[in-house]
Amino acid sequence: FIDSTSTGRHWSWAETDTLNTLAGLIGSAIRSAQYVKELADANTIVQNSPTILYRLRGEPGFPLMYISDNIAKFGHDPMTLMRSPDWTQNLVDPRDRSTVDAAMAHMLEQSADGDSIEFRLRTGSGTELWVENRYSPRRDEDGRLLEIEGIIIDITERKIAEEEIALLARTDSLTGLANRATFLERLRQAFAAATRGAKPFAILYLDLDRFKPVNDTLGHAAGDELLREVAARLAQCIRETDLVARLGGDEFALLQTEIAEPASAGVLAAKIQQSLARPYVLNGTHVEISVSIGISPYSPN
């Protein structure tokens, strides 16, 4: 404030106090406006973020006190969720509900710290997403649980990638059949089950005859196509409980589980020979092959 008179004058205490009060009010207004803007900016960031914020009341049942509006991206209305007597029925897949309930109940223990779990979240359209739930407790001075605060992060893409990596580790990249490691693992399981009284099983080893000439005359691409077609035909010959694997090269193996008698393996072998004997068309050329099959029934008795 600048005095409008050309000559200086003495400011009274009343004028000084008034100006100080006015300056304080202006400063408070500016700080308030900045705070509101910061809140608005933060809210905008949250709503545009894939991360869901939530808060639960720290009592059995864990009512939902708050959930960020961006839950609407997953097809849910935040107010409807907060009015629901059991929000887990709306958000959590039934297969994971007991896991989520147990994790939240554990927070009632005074020694419990924050943690994280993964579960399948149900969208409003009925589909499911994998999410990570990171949460921590808020307690009073006596350690009693007041609230649970947490965030929910969509990890669906990571889960898909993990499943694809795990699948690659178990399968043959060319044919999509089980690989040697998977076959040996299932074979160990079959041995263990048989010793506990399960039905006998049989192992069939297959080796393609005249496969090398196909590679030499038609090329490796045709050889690979032949192996893929053989794999498809083998998969059509077995039951869901059986397993067919490519051991490497032109060698395959089948695990025939729960056979009533050893002759069942011979019946399957004949079915396979008949299927693989049908002609193949590779690069416009009709090709016929045969297969050598070794059979090893197994029974602990």
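**Exercise 1. The β7-β8 hairpin**

Task: In this predicted model, find which residue stands opposite Leu243 in β8, and describe how strands β7 and β8 are joined.

Solution.

Step 1. Leu243 has Leu255 opposite it in β8. A further pair across these strands is Val244 with Leu254 of β8.

Step 2. Strand β7 covers residues 243-248 and β8 covers residues 251-256. The two run antiparallel and are joined by five bridges.

Step 3. The connection is a hairpin with two residues between the strands. Gly249, in the turn, has a positive phi of about 60 degrees.

Step 4. For burial, the cut-off is under 20% relative accessible area. Five of the six residues of β7 are buried, so this strand is largely enclosed by the rest of the structure.

**Exercise 2. The four-stranded sheet**

Task: Give the strand order of the open sheet that contains β7 and β8, state which strands stand at its edges, and name the helix that packs on this sheet.

Solution.

Step 1. The order is β7-β8-β6-β11, and the pairing is antiparallel.

Step 2. The edges are taken by β7 and β11 (290-298). Each has a single partner strand, so one side of each is left without a neighbour in the sheet.

Step 3. On average, neighbouring strands of this sheet are turned by 20 degrees against each other, with direction ignored.

Step 4. Helix α6 (residues 180-195) packs on the sheet and touches β6 (201-209), β7, β8 and β11. The direction of α6 makes about 135 degrees with that of β7.

**Exercise 3. The five-stranded sheet and its helices**

Task: Work out the order of the open sheet of five strands, then place helices α4 and α5 relative to the strands.

Solution.

Step 1. The strand order is β2-β1-β5-β4-β3, with antiparallel pairing. The edge strands, β2 (64-67) and β3 (115-122), pair on one side only.

Step 2. The average turn between neighbouring strands of this sheet is 25 degrees, direction ignored.

Step 3. At the β2 end of the order, β1 (residues 52-57) pairs with β2 in the antiparallel sense over three bridges. Within this pairing, Tyr54 has Ile67 of β2 as its bridge partner.

Step 4. Helix α4 (residues 97-106) lies across β1, β3, β4 (128-139) and β5 (145-154), and runs at about 145 degrees to β3.

Step 5. Helix α5 (residues 156-170) also packs on the sheet, where its contacts are β3, β4 and β5. The angle between the directions of α5 and β4 is about 120 degrees.

**Exercise 4. Salt bridges and burial**

Task: For the salt bridges Asp96-Arg120, Arg138-Glu147 and Glu229-Arg233, decide whether each partner is buried or partly exposed.

Solution.

Step 1. The whole structure holds 16 salt bridges. Side chains of opposite charge can pair when their charged atoms come close.

Step 2. Asp96 and Arg120 meet with an N to O distance of 2.8 Å. Asp96 is in the loop between α3 (87-91) and α4, and Arg120 is in strand β3, so the pair ties together parts that are 24 residues apart in sequence. Asp96 is buried at 7% relative accessible area, and Arg120 is buried at 15%.

Step 3. In the pair Arg138 and Glu147, the closest N and O atoms are 2.8 Å apart. Arg138 is partly exposed, at 35% relative accessibility, whereas Glu147 is buried, at 14%.

Step 4. For Glu229 and Arg233, the closest N and O atoms are 3.0 Å apart. Both residues belong to helix α8 (residues 220-237) and are four residues apart, about one turn of the helix. Glu229 is partly exposed at 30% relative accessibility, while Arg233 is buried at 5%.

Step 5. Beyond these three pairs, Glu118, Arg158, Lys159 and Glu162 are linked in a network of salt bridges.

**Exercise 5. A nonpolar patch**

Task: State which residues make the nonpolar surface patch of about 250 Å², and classify Ile26 by its accessibility.

Solution.

Step 1. The patch is made by Leu22, Ile26 and Ile30.

Step 2. Ile26 is located in helix α1 (residues 13-47).

Step 3. The class partly exposed lies between 20% and 50% relative accessible area. Ile26, at 44%, therefore counts as partly exposed.

Technical notes:
Residues are numbered from 1 along each chain as its sequence is written. This is a predicted model: local features need pLDDT of at least 70, side-chain atom pairs count only at pLDDT 80 or more; totals for chains, interfaces and linings use all residues. Side-chain values use heavy atoms; hydrogens and water are left out. Two strands pair if DSSP finds at least two bridges between them. Axes are lines fitted to C-alpha atoms, for helices over the stretch in contact, and angles run from 0 to 180 degrees between N-to-C directions. Contact means heavy atoms within 4.5 Å. Patches are made of residues with over 30% relative accessible area and no salt bridge: like charges are joined within 9 Å, nonpolar side chains (Val, Leu, Ile, Met, Phe, Trp, Tyr) within 5 Å. Accessible areas come from the Shrake-Rupley method with a 1.4 Å probe; for residues, only the protein chains shown count as cover. A salt bridge is a side-chain nitrogen of Lys or Arg within 4 Å of a carboxyl oxygen of Asp or Glu. Buried means under 20% relative accessible area, exposed over 50%, partly exposed in between (1.4 Å probe, protein chains only).
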